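This report describes the interior of one protein chain for a reader who has not seen it before. It turns to burial, then to the nonpolar cores, then to individual contacts.

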Amino acid sequence: MRVFVTGATGFIGSAIVRELVQSGHEVTGLARSADSAKRLELAGAAVARGTIDTLEVLRREAARADGVIHTAFFHALSHMAFGTRLQVLLGGAPSGIVGRFTAVAVGADQRAIETMGGALDKGAPLIAAFPTMALKAGQIAEETDAADPTSVGGGRAPSEQAIHRLAERGLRAATVRLPPSVHDKTKQGLVTQLIATAGKKNVSAYVGEGDNHWCAVHRQDAARLFVEALEQGTSGAHYHAIGEDPITLRTLAESIGAAAGVPVKSLSPKEAARHFGWLAAFIGTDNPVASRITQEVLGWTPSGPELLADVDAACHHAGRRL
């Protein structure tokens, strides 16, 4: 299969490209820079230069492909064009920067999804990444649950709605929902931010009792799930890339504290806002997610190391003591 991959040199996307190439697919990856292009070529993929804002490139490459895996997203201001950055930074009160950034990022994501979907043949697969933090908090989320616009990650809900519209138009469009920690020994998603904050502030913290949950999946297991969804997924489905049982934030903070050699502390929501900044709302969110249906219908069996093992390795790699 000829597959076009956005976010192809990112942490997850690069693992997907390797998995696709090893499975015998012909891959073209989207690359913003010459360095990214070189890495794609070394991985055995062809290169399309551009970003998710370069709609003519997305349209062209999707039209040439038999399917698309879409993992690119504006996670930082540096990913956006200069004019767009100014719009986010100067388009209103400083307190609204996060909201403006999210709106611009989600708008770009929707346009990219619609553009690529419009160029694909009927019945072709388009598999898009989506965060589990956009699901309803405080309950075990199943694959049949819709995104919750009121959740901490609910600003992303329109992207999944765009996928639904493509499915209604005859594409085999689906999402792979990713937990807050997609990890290996080098990176752990949002947990990397927790480790960095613990090192910077000399304390590993959680909010309140710390009995809220996060989920995790090893990077290679997530990559394999994207490929399986591409090859055999059904239209309109949601697949959950959950590799282990939900873990409490207190357990996670204690593991970081032990590995980094710093004290562990509970913070009030007000203290957490000062301590974690923008991350505080996520730290306090209960986000347990199940993957039973995904494992049954796709035969996906996660087998990578668990999160706490990679947290320990990451702390050691950062030069901290046990």
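A residue counts as buried when its relative accessible area is under 20%, and as exposed when that area is over 50%. The model discussed here is predicted. Cys315 has a relative accessible area of 0%, so Cys315 is buried. Two other residues also fall under the 20% cut-off, as the table shows.

| Residue | Relative accessible area | Class |
|---|---|---|
| Cys315 | 0% | buried |
| Cys215 | 1% | buried |
| Ser14 | 16% | buried |

The structure holds zero disulfides.

The largest nonpolar core has 34 residues, and the members that touch the most others are Leu20, Ile69, Val176, Leu178 and Phe226. Both helices and strands build this core: at least two residues come from each of the strands S1 (2–6), S2 (26–31), S5 (125–131) and S6 (172–178), and from each of the helices H1 (11–22), H2 (34–42) and H8 (219–232). Helix H8 gives the most, with seven residues.

Phe226 shows how parts of the chain meet here. Beyond its neighbours within four places in sequence, Phe226 is in contact with Ile12, Ile16, Ile69, Thr71, Ile127, Ala128, Ala129, Val176 and Leu178. A second core, separate from the one above, has 33 residues, among them Leu30, Ala62, Ala72 and Phe73.

Ser14 is part of helix H1. With residues up to four places away in sequence left out, Ser14 touches Gly7, Ala8, Thr9 and Arg219. At a relative accessible area of 16%, Ser14 is under the 20% limit and therefore buried.

Note on methods
Residues numbered from 1 in each chain as written. Predicted model: local features only at pLDDT ≥ 70, side-chain atom pairs only at ≥ 80, totals over all residues. Heavy atoms only, no water. Disulfide = S-S within 2.5 Å. Buried < 20%, exposed > 50% of the residue type's maximum accessible area, 1.4 Å probe, protein only. Core = buried A, V, L, I, M, F, W, Y, C linked by side-chain atoms within 4.5 Å. Helix = DSSP H or I, 4+ residues; strand = E, 2+ residues; numbered from the N terminus. Contact = heavy atoms within 4.5 Å.
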